[in-house]
Amino acid sequence: MKKIYMYSSLLIMLVGCQQKEIQEDKEVNSAVPESMEASIAIKGSLDQGKEVILETTVKQGNQLVNEADEVLFEVRKSGQDKREMLDAKNTGSGKYQVMHTFTEQGKYIVVAHVTAKGLHVMPEKEIAIPGHEDEGTSIHPSSDVSIEFQSNPVKAGSSSIFAATVELDGKPLIDADVNFEVWKDGSDESHFTKAEDDGDGKYLNKVSFTEAGTYKVQVHVEKDEVHEHQLQTIQVNK
């Protein structure tokens, strides 16, 4: 009877250890981070010699990733080894952007190298840049967008009214999404201010500056197939 009791006790201990190991395994598996995903979008007309915005949106599960360690865009022409590596800026809402001009016609491979939270993903997109002789068959409608930027004299420690008058094919472009992107010369950080529609294609808002110096202002205009931008240089005085 004693031997049977000892064997039974030993069996219970073994089963208990196995259950404990299974539970520990479950805890380890539950700690595995969700996979990270990134998508690539090209904003602007894919025309030879015209600047566009390369953009990637980064998510982990249902959450936007706003603090990636590094986001680089790799651009190379199909069939060639030569490539460019472009450092993207964090523009908020899980988006990272960089501006680029495709100087030659042909097919290109664009890869976004995203490193965040110990993970690395490399989404890839193939695009085609038509030559000038192919403009008539471009999938983008022919349009002429003009952007006229204005600002009051700017002083450090105060705000200035920025205004942009936007026209499409000679007519005011209304109900567009217009933003002023501002960064100090030499800085990697930029700030966006959404412009309010004042009617007749005019968009404006106040922008504040804490330091004097030379600044870049990029006016972004988006509506339907239209995505245009204009770069300005302004001086903020003391």
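**Exercise 1.** Determine which residues Ile 127 touches, leaving aside residues up to four places away in sequence.

*Solution.* Contact is taken as heavy atoms within 4.5 Å. On that basis, Ile 127 touches Ile 42, Leu 46, Phe 102, Gly 106, Lys 107, Tyr 108 and Val 110. The model is predicted, so local features need pLDDT of at least 70 and side-chain atom pairs count only at pLDDT 80 or more, while totals for chains, interfaces and linings use all residues. Residues are numbered from 1 along each chain as its sequence is written, and side-chain values use heavy atoms, with hydrogens and water left out.

**Exercise 2.** Identify the members of the largest nonpolar core that touch the most other members, and the strands that supply this core.

*Solution.* A nonpolar core is a set of buried (under 20% relative accessible area, 1.4 Å probe, protein chains only) Ala, Val, Leu, Ile, Met, Phe, Trp, Tyr and Cys residues joined through side-chain atoms within 4.5 Å. The largest has 25 residues, and Leu 54, Phe 73, Phe 102 and Ile 127 touch the most other members. Strands are DSSP runs of E, at least two residues long, numbered from the N terminus. At least two core residues come from each of β1 (36-43), β2 (51-60), β4 (70-77), β7 (95-101), β8 (106-116) and β10 (124-129). The most, five residues, come from β8. Another core, of 23 residues, lies apart from this one and includes Val 217 and Ile 234.

**Exercise 3.** Describe the pairing of β18 and β19.

*Solution.* Strands pair if DSSP finds at least two bridges between them. Strand β18 (residues 213-223) pairs with β19 in the antiparallel sense over 11 bridges. Glu 222 stands opposite His 227 in β19.

Definitions and conventions: Helices (H or I, at least four residues) and strands (E, at least two) are DSSP runs, numbered from the N terminus. Buried means under 20% relative accessible area, exposed over 50%, partly exposed in between (1.4 Å probe, protein chains only).
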